[in-house]
Amino acid sequence: MSEDKKKSIMDYDTVALDEENHALVIIDQTKLPYNTEILSLTKQEDIWSAIYLLQVRGAPAIGVAAAIGIYLAAREIEASDFEEFYQKFRKAKDYLDSARPTAVNLSWALKRMEGIVLDNKDKPVAEIVEELHKEAVKIREEDIWVCKTIGEYGLTLVNPGDGLLTHCNAGQLATVKYGTATAPMYLGQERGYHFRIFSDETRPLLQGARLTSFELKESGLDVTVICDNMSASVMRKGWVNAVFVGCDRVAANGDTANKIGTSMVALAAKRYGVPMYICAPTSTIDLNTPTGKEIHIEERPASEVVEMWYEKPMAPEGVKVFNPAFDVTDHDLIAGIVTEYGIAREPYSESLKEIFRRKQEALKDE
Ligand SMILES: CSC[C@@H](O)[C@@H](O)C(=O)COP(=O)(O)O
């Protein structure tokens, strides 16, 4: 890149491993869109806080950060035998796993890393750590293929010139590249589809306004920010042909947890006949959770609703505040769940199992 060309947000890695300095490198997303600050994290407490404070956020990016984080923790473990190593590894894993409860990618990535430890238990600790290194890099690399493939499937659901609506940020900033809900948008742009995108601002943390509209605009897409209470209105006007959103956990029956406000969008979409698609890497589908009722919804501090982003508190001091970070969209409001192994449709209790059968077949052939 020439020195005088300003670096775009899309030129930075959302989440990466700095091999030389043994650090997790992230863009501090709490500072966007005004400041692009890169954080280089080596301590477990800092990695935990980065996930908790949403400096790195979005289900897939959290999973990648956790994989790199636990590899870095394993490097530091001093142990005279496997048992001691494994005990300390488990402690570090449980600690990172406690940073956020809803996005299943966090525990998915940590469990996958634990599997590597157990599969290599007969090797010396240094070799187990090297296997963890390789797996963390693999999880990160896989995410690029997964998102691109979701984009390809997603693109089959829309037409050039369509109006698309999205909620929160399921973009490149939530993954390694392409995003999930934004992947069809980016691939469509490469192929001249000229989509018109509506990005819900997504209160209270404004991921849609601060992050989605930022990355789409920087990439040259036609994007319009709307307040969360405007999505029904733009649908009613006929400006939206499809809704694409990401997710934090899909239950076995298709009920889907995503950013608070998603279920409201789904209800409006159903009313106005707009298909709503959930873009879900299989790492976000949790067949061990039967329905949305069993999904643990994270509650966050009141200050995020009444203070953050405002010069003065915007509600009376001491007023009660309810701040769930996610909600559950009932499966019957969802037109399809777009994964890297195809598009699942109702009945999801069957079609999601079929997606995992395809995944197993594909992994066997590798
Ligand atoms: C591809 S990201 C999918 C979801 O994680 C995303 O839609 C979302 O809800 C993110 O919530 P956040 O609280 O910003 O981590």
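## Two domains, one core and a ligand shell

R100 sits in the loop that links α3 (82-97) to α4 (104-119). The model in front of you is predicted, and this loop residue makes a good place to begin reading it. Is R100 buried or exposed? R100 counts as buried because 23 C-beta neighbours fall inside 10 Å, where 20 or more are needed. Apart from neighbours within four places in sequence, the contacts of R100 are I51, Y52, I62, L106 and E298.

R100 also appears in a record. In an unreviewed entry, UniProt lists R57, G58, A59, R100, Q207, N258 and K259 under "binding site"; such annotations may be inferred rather than shown by experiment. Q207, another residue on that list, belongs to helix α7, which covers residues 207-218. Having 28 other C-beta atoms within 10 Å, Q207 is buried. Beyond its neighbours within four places in sequence, Q207 is in contact with C168, N169, T202, T212 and K259. K259 is thus a contact of Q207 and is itself listed by UniProt for "binding site".

What surrounds the ligand? There are 19 residues around the ligand, and the closest are R57, A170, A174, G246 and K259. R57 and K259 are also among the positions in the UniProt list. Both α2 and β9 (256-259) supply at least two residues each to the shell. By class, this shell is made up of nine nonpolar, seven polar and three charged residues. Domain 1 (9-144) and domain 2 (147-365) each provide at least three residues of the shell.

Those two domains deserve a look of their own. The chain is divided into domain 1 (9-144) and domain 2 (147-365), and 24 Å lie between their centres, taken over C-alpha atoms. Their contact involves 25 residues from domain 1 and 33 residues from domain 2. Which elements give two or more residues to the domain 1 side of this contact? They are α2 (59-76), α4 and α5 (125-155), and α2 has the largest share, five residues. On this side of domain 1, the residues divide into 15 nonpolar, six polar and four charged.

Helix α2 returns in the interior. The largest nonpolar core has 101 residues, and A65, A67, V243, I278 and C279 touch the most other members. With 13 residues, α2 gives the most to this core. Each of domain 1 (9-144) and domain 2 (147-365) contributes at least three residues to the core. For a closer view of one core member, A67 is in contact with A109, M113, E135, A136 and I139, leaving aside neighbours within four places in sequence.

A65, one of the core residues named above, is also a contact of L24. L24 lies in strand β2, residues 23-27, and counts as buried because it has 26 C-beta neighbours inside 10 Å. Setting aside neighbours within four places in sequence, its contacts are L17, L41, I47, A65, I68, G69 and L72. L24 and G318 are 294 residues apart along the chain, with 38 Å between their C-alpha atoms.

Here are the three buried residues side by side.

| Residue | Place | Other C-beta atoms within 10 Å |
|---|---|---|
| R100 | loop between α3 (82-97) and α4 (104-119) | 23 |
| Q207 | helix α7 (207-218) | 28 |
| L24 | strand β2 (23-27) | 26 |

How values were computed. Residues are numbered from 1 along each chain as its sequence is written. This is a predicted model: local features need pLDDT of at least 70, side-chain atom pairs count only at pLDDT 80 or more; totals for chains, interfaces and linings use all residues. Helices (H or I, at least four residues) and strands (E, at least two) are DSSP runs, numbered from the N terminus. A residue is buried if 20 or more other C-beta atoms lie within 10 Å of its own, exposed if 12 or fewer, and partly exposed in between; C-beta atoms are placed from the backbone. Two residues are in contact if their C-beta atoms, placed from the backbone, lie within 7 Å. Domain bounds come from an automatic or database domain assignment. Ala, Val, Leu, Ile, Met, Phe, Trp, Tyr, Cys and Pro count as nonpolar, Asp, Glu, Lys and Arg as charged, and the others, Gly among them, as polar. A nonpolar core is a set of buried Ala, Val, Leu, Ile, Met, Phe, Trp, Tyr and Cys residues joined through C-beta atoms within 7 Å. A residue is near a molecule or strand if its C-beta atom, placed from the backbone, lies within 6 Å of it.
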